[in-house]
Amino acid sequence: MVPVLTVRNRLLLLLSALLLTLVPAAPSLAAAAPEATAEAAAQGGGPRGDAEVVGVTQVGERLVDLSVRSPALGGRTVPVRLLTPDGWDPEKPGQNWPTLWLLHGCCGDYTSWTSATDVEDTDSLRDVLVVMPEAGWNGWYSNWWNFGEGGDPAWETFHTDELRRLLESDWGASSNRVVAGLSMGGQGALMYAARHRGMFRAAAAYSGAAHPLLNDESVGRIMGFFGGRGDDPRRVWGDPVDQRAIWQAHDPYYLAKKLKSIPVYLSCGDGTAGPLDPPGATDALEADFNRQNQALAAELKRVGAKKLITNLYGPGTHRWAYWERELHASLPMLLGALKVR
């Protein structure tokens, strides 16, 4: 059901977004740059150009960090971590490795997956190039609306256009791709797979923001994240009423028809203490995301999705122990879609 936001509720949402401190403040992004229309923001349009690697750092036996200068990000340089497969050598011709994109959550960064999980030691990923891109402390895998001006940051353009082409031309990635992510990155994984049909063969979301427009509570919570840096929360997708088309274009629930033909894995706890939590733990964020995932799963079934896997596992909070477990649980589906066993 589409929530009806009254004027009073809209004011409360904006007020809560400005006052609610869900996470600590972080430095502001650069000011908005080139113009873009609201329609372009809804459809994923943004500044386009050629990104370039300006630095390479070997940080582990199989870990390589690229420093990428991005036109979509106003010319800023951002890092991308690669977990490389056995035998990877981008200077050899004909390198075309199947690729898993792993997206981080809000308040994390490109190092999150390797610092918080055992992904680096997972044997089944030794034949896969794993791409862990920076997506901003709170970027939401989106080309920000910026009050109709567009411009920096345009994370979606950076990832799906600039970085994709760069990795495939110079760093051994093939067009055989799947995507997975947690929380904000779960929303990003589902959104990218839906908005760029054919780019990813499968998508997995762990405790993902699967239906931000579910109800006023869900809208208010994500607006709180949008404003968590002291920013005006409307910079990201605009006002949830006035720019509703932009919100719907980034809400996986409204993109369900575009996801129904690929394998999709959804997992989430219910916000109560689970087997990987301290006794008595509760988590309102995970409870909200559980309701969102329930709604998306029902909508995917309604539109005829035949390759949906759900693990809405009940007790469990919003924490890495569950996301590591769920990555392993979803790898057979993801690697199967890549035809890697």
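This passage describes helices, salt bridges, a charged patch and some backbone features of one structure. The model is predicted, so local features need pLDDT of at least 70 and side-chain atom pairs count only at pLDDT 80 or more, while totals for chains, interfaces and linings use all residues. Residues are numbered from 1 along each chain as its sequence is written, and side-chain values use heavy atoms, with hydrogens and water left out.

A good place to start is helix H4. Helices (H or I, at least four residues) and strands (E, at least two) are DSSP runs, numbered from the N terminus. Helix H4 covers residues 155-170 and has a kink of about 35° centred on Leu 163; the bend at a residue is the angle between axes fitted to the seven residues ending there and the seven starting there. Burial is judged by relative accessible area: buried means under 20%, exposed over 50%, and partly exposed in between (1.4 Å probe, protein chains only). Among the buried residues of H4 are Trp 155, Phe 158, Leu 163, Leu 166 and Leu 167. After H4 comes Gly 172, with a positive phi near 80°.

The loop between strand E5 (129-133) and H4 contains Pro 153. The peptide bond leading from Asp 152 to Pro 153 is cis, its omega being near 5°. Trp 140 is found in the loop between E5 and H4 as well. Although Trp 140 is not a glycine, its phi is positive, at about 60°, and this residue is buried with a relative accessible area of 1%. Another residue other than glycine with a positive phi is Lys 339, at near 65°. Lys 339 sits in the segment after helix H11 (320-338) and counts as exposed at 70% relative accessibility.

Turning to charge pairs, the structure holds 19 salt bridges, each defined as a side-chain nitrogen of Lys or Arg within 4 Å of a carboxyl oxygen of Asp or Glu. In H4, Glu 168 is bridged to Arg 164, with the closest N and O atoms 4.0 Å apart. These two residues are 4 residues apart, so about one helical turn separates Glu 168 from Arg 164. An α-helix has 3.6 residues a turn, so residues three or four places apart point the same way. Glu 168 itself is partly exposed, at 24% relative accessible area.

Helix H10 (residues 284-302) offers a second pair, Glu 299 and Arg 302, which lie 3 residues apart. Their closest N and O atoms are 2.9 Å apart in a salt bridge. Glu 299 is buried at 12%, whereas Arg 302 counts as exposed at 59%. Asp 288 also has its place in H10 and is buried, with a relative accessible area of 1%. From C-alpha to C-alpha, Asp 288 and Ser 207 are 9.6 Å apart in space, with their positions 81 residues apart in sequence.

A further salt bridge joins the side chains of Arg 325 and Glu 326 (3.1 Å, N to O). Arg 325 is partly exposed at 32%, and Glu 326 is buried at 2%. Elsewhere, salt bridges that share partners join Asp 50, Asp 161, Arg 164, Arg 165, Glu 168 and Arg 177 into one network.
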